[in-house]
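Hi,

I am handing this structure over to you. Please open it first, then read my notes below.

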Amino acid sequence: MNPREPLKRVLYIDLSKKSFWIDEREDLFERWLGGVGVAVQLFKEEASKNVDPLSPENPVIFSVGPLTSLYPLASKTIAIFKSPLTGNLGESHAGGRSAIALRLAGYGATVIKGASQLPVYLVIKEEEVEFRDASALWGVSNAITVGRILRETAPGQGVRTIMRIGKAGEKLVSYAAVMTETYRHFGRLGLGAVLGSKKVKGIIIYGKHTIPVEDKKKYREVYDRLYKLSVESDAMKRYHDIGTAMNILPLNYIGALPTRNLNSSRFEGAEEISGENIAEKKLARRIACAHCPVACIHIASIREPYPDEPYFYKTTFISYDHELIYSLGSMLGVKKIDNVLRLIDIVEAFGLDAISAGVSLAWATEAYKRGIVTINETLVELDWGNVENYIEAIKYIVEQPNHFYTTLAKGTREASKHYGGQEFALNFGGNEMPGYHTGYGAIIGYSIGSRHSHLDCAGYRVDQTIKEPPSPEEYVEMLIKEEEWRQVLTSLVICLFARTIYTVENVVDALKPLGYDCTEDELKKLGEEIYLEKQKLKIELGFNPRELKIPSRVFETSTPHGLLRRDYVEKALQHYAELIEYKINTSD
Ligand code: SF4
């Protein structure tokens with residue numbers, strides 16, 4: 001069998017009717033490769049432009065691509081949906097076993113639509129979908145516990161993925177995440193709330209197929225080359241040794257680590273919460289997504305004494321990375337490793353996106369300290385570094401006992417619209433800021449990126465490699481070019497950490513033994529087309545590139561390139577808007 005055969009199958013699941021069917025969508029996979037390329041098209045087919053993100057009509061698409069299960073680091077699943085956080089296109093990527101399971105179950109994508117009346121969890125087994133009662137699981141707030149229970153009910157370790165939501169998803173927090181396996185997530189943009197609105201507590205997918213390859217000799221040759229690069233390249237070695245937490249110290253050194261709601265870009269506690277220090281004192285083990293030889297997932301352990309039991313300790317394992325240490329550490333002024341890890345643990349248990357949760361708390365702390373909101377709203381005193389009260393506040397975000405927390409559960413854009421403080425509400429297009437205040441590239445990248453994420457076009461990286469920023473127009477075009485190529489990578493689908501390995505030449509080589517004969521130019525053109533499809537879709541869903549707003553705080557706190565100028569960023573955003581309008585108007 002040709003490896004492309006199973007990829008073209010799309011599993012449709014209608015939760016309202018408790019029905020499912022399989023369609024052969026060769027048309028989509030031939031034209032758009034897989035992953036993001038295909039998922040965007042499936043979303044367009046299913047969703048109307050005014051769809052409410054939390055309504056049954058909002059479809060959730062999971063998709064994989066031609067490299068999934070076949071090459072190292074091709075370990076990610078793409079999720080596309082309408083985001084309750086931004087009110088626009090939602091896109092999130094997760095690893096674990098999700099991608100392998102979906103592909104080896106015989107599918108290139110699954111479309112989940114409708115909503116169940118009662119809580120369910122789905123079990124997908126090749127040609128069969130079970131809608132199992134999850135009433136007993138609904139209300140179990142800890143997503144890790146939910147995973148353990150589902151594991152018991154669904155034997156088959158190693159060949160299945162278990163996705164699930166925590167209480168944050170049930171309570172429709174706009175930045176609720178979906179956890180896969182124990183330490184991976186569809187973190188950003190609120191997929192957890194969308195599944196919560198559909199009353200889906202979990203999804204289990206069994207993947208037991210194998211994928212035959214026609215040209216085994218060539219496949220082996222390319223595989224070995226990519227594998228060697230994966231385990232021997234310096235970039236990947238760093239991901240393995242310390243992980244992305246290696247970024248804390250250098251960012252702090254150059255003055256680019258957002259601290260206390262970006263009142264500063266240097267944190268006096270950076271040494272203590274650095275990746276190096278955590279690795280030395282707390283690292284328990286490293287794990288990997290399926291089919292990844294890098295193992296960048298770092299797990300720390302903390303021991304806490306049981307009250308009244310002096311020699312008994314509870315040991316908790318917590319995964320950490322740069323974004324989590326930034327958002328729940330420096331951004332909140334938390335200086336002790338154990339305290340950062342405790343915050344990560346509770347955010348993880350509730351199933352919240354750590355970046356949005358931390359940045360929302362940072363905004364709330366500043367709003368409280370400035371008297372914009374009072375204890376009547378916050379219910380606890382919010383102060384930098386006050387971890388016990390932050391733990392309480394996280395519980396309130398999930399439980400939403402009053403209007404303030406109901407609004408904060410919708411993110412900083414919504415909260416600041418109601419209560420004030422928009423100038424220090426650190427979101428871009430509604431998505432909370434990642435942990436890099438490196439310069440113009442970062443800020444423009446967060447603004448114009450399709451997901452408003454640092455991973456869209458990595459402007460934060462460019463900032464760190466250039467001496468002087470180019471003109472605003474050139475910067476925008478450089479970032480769009482990068483984002484266009486990333487559309488190919490996320491359609492294949494590979495982990496973006498491996499972007500330096502999957503060069504255009506290597507991608508062409510990797511596709512050949514699988515029966516894809518495409519040139520470098522054709523791949524690049526495809527990237528441009530997918531990028532444009534996403535931009536068009538965003539605009540249809542209500543995004544207006546001319547209405548992008550940048551919080552003033554960004555211009556008040558120094559970066560390694562000094563204080564940023566608003567006129568430079570505005571010029572860049574205007575160029576972006578004109579360029580997108582031009583591209584759309586001149587496309588067929
Ligand atoms: S590098 Fe890390 S995130 Fe990427 S596939 Fe490997 S383990 Fe997963």
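How do the residues of the shell around the ligand divide into nonpolar, polar and charged? There are 11 nonpolar, 2 polar and no charged. Here Ala, Val, Leu, Ile, Met, Phe, Trp, Tyr, Cys and Pro count as nonpolar, Asp, Glu, Lys and Arg as charged, and the others, Gly among them, as polar.

Two points before you go on. This is a predicted model: local features need pLDDT of at least 70, side-chain atom pairs count only at pLDDT 80 or more, and totals for chains, interfaces and linings use all residues. Residues are numbered from 1 along each chain as its sequence is written.

Ligand: 13 residues surround it (C-beta atom, placed from the backbone, within 6 Å). The closest are S75, C289, C292, C296 and C495. Domain 1 (4–206) and domain 2 (241–421) both give residues to this shell, so the ligand lies between them. The domain bounds come from an automatic or database assignment.

Sheet: three strands form an open, antiparallel sheet in the order β13-β14-β15. Strands are DSSP runs (E, at least two residues), as are helices (H or I, at least four), numbered from the N terminus. Two strands pair if DSSP finds at least two bridges between them. The edge strands are β13 (283–287) and β15 (309–320), each pairing on one side only. β14 (residues 297–306) and β15 pair over 9 bridges. One bridge partner to find: I299 has S319 in β15.

Loop: look for K549 between α25 (520–540) and α26 (553–556).

Best wishes
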